[in-house]
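Here's a quick briefing to read alongside the model. Have the viewer open and follow along.

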Amino acid sequence: TLDFSNCDNHGGGDKFIMEELYDTISKDVPPKCAGREGLLSAVYAIAINEAAVSGKIVDLTSIWQKLNV
């Protein structure tokens, strides 16, 4: 068993993320979120950071087109 109790990023969510990843890889447990959901979340997170830094609205239209979303 791996100890993920010291994971404290993502508002304390890293522990749960790492446990789920471990279970998916080692125990063949299906993940709660698919790769597509992770990709969408990552795009949104990057856009939110960019908007916070620039103070401008970030248009994701071209990104969604490239990703065929």
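**The loop residue Asp28**

Asp28 sits in the loop between α1 and α2, with helices and strands here being DSSP runs numbered from the N terminus (H or I and at least four residues for a helix, E and at least two for a strand). A heads-up before going on: this is a predicted model, so local features need pLDDT of at least 70 and side-chain atom pairs count only at pLDDT 80 or more, while totals for chains, interfaces and linings use all residues. Residues are numbered from 1 along each chain as its sequence is written, and side-chain values use heavy atoms, with hydrogens and water left out.

**Backbone oddities**

- Asp28 comes just after α1 and takes a positive phi of about 60 degrees, in a residue other than glycine.
- Asp28 counts as exposed because its relative accessibility is 69%; the cut-offs are under 20% relative accessible area for buried, over 50% for exposed and in between for partly exposed, using a 1.4 Å probe and protein chains only.
- Asn68 is another non-glycine residue with a positive phi, near 60 degrees.
- You'll find Asn68 in the segment after α3, and it counts as exposed at 71% relative accessibility.

**Overall layout**

- The protein has 3 helices and 0 strands, so to speak an α-α-α run from the N terminus on.
- Of its 69 residues, 12% count as buried.
- About 5,800 Å² of the protein is exposed, and carbon and sulfur atoms supply 59% of that; accessible areas come from the Shrake-Rupley method with a 1.4 Å probe, and for residues only the protein chains shown count as cover.

**Helix α1 and its salt bridges**

- Helix α1 has 14 residues and spans 19 Å from first C-alpha to last, close to the 20 Å expected at 1.5 Å a residue; the expected span is 1.5 Å times one less than the number of residues.
- How many salt bridges does the structure hold? There are 2 of them, a salt bridge being a side-chain nitrogen of Lys or Arg within 4 Å of a carboxyl oxygen of Asp or Glu.
- One joins Glu20 to Lys32, with the closest N and O atoms 3.8 Å apart.
- That pair links distant parts of the chain, 12 residues apart: Glu20 is in helix α1, and Lys32 is in the loop between α1 and α2.
- Glu20 counts as partly exposed at 24% relative accessibility, whereas Lys32 is exposed, with a relative accessible area of 69%.
- In the other salt bridge, the side chains of Lys27 and Asp23 meet at 3.3 Å, N to O.
- Lys27 and Asp23 are separated by about one helical turn, because they are 4 residues apart in helix α1.
- An α-helix has 3.6 residues a turn, so residues three or four places apart point the same way.
- Lys27 counts as exposed at 52% relative accessibility, while Asp23 is partly exposed at 24%.
- Leaving aside neighbours within four places in sequence, Asp23 is in contact (heavy atoms within 4.5 Å) with Asp28 and Val29.

**Nonpolar surface patch**

- Ile17, Met18, Leu21 and Ile25 form a nonpolar patch on the surface, with about 370 Å² of accessible area together.
- Patches are built from residues with over 30% relative accessible area and no salt bridge; like charges are joined within 9 Å, and nonpolar side chains (Val, Leu, Ile, Met, Phe, Trp, Tyr) within 5 Å.
- Ile25 belongs to helix α1 (residues 14-27) and counts as exposed at 65% relative accessibility.

**Nonpolar core and the loop beside α3**

- Which residues make up the largest nonpolar core? It has 5 of them: Leu40, Val43, Ala47, Leu60 and Trp64.
- Helix α2 (residues 35-54) gives the most to this core, with 3 residues.
- A nonpolar core is a set of buried Ala, Val, Leu, Ile, Met, Phe, Trp, Tyr and Cys residues joined through side-chain atoms within 4.5 Å.
- Leu60 touches Val43, Tyr44 and Ala47, not counting residues up to four places away in sequence.
- Asp59 lies in the loop between α2 and α3 (61-66), and is exposed, with a relative accessible area of 59%.
- Asp59 and Ala47 are 12 residues apart in sequence, and their C-alpha atoms are 8.4 Å apart in space.
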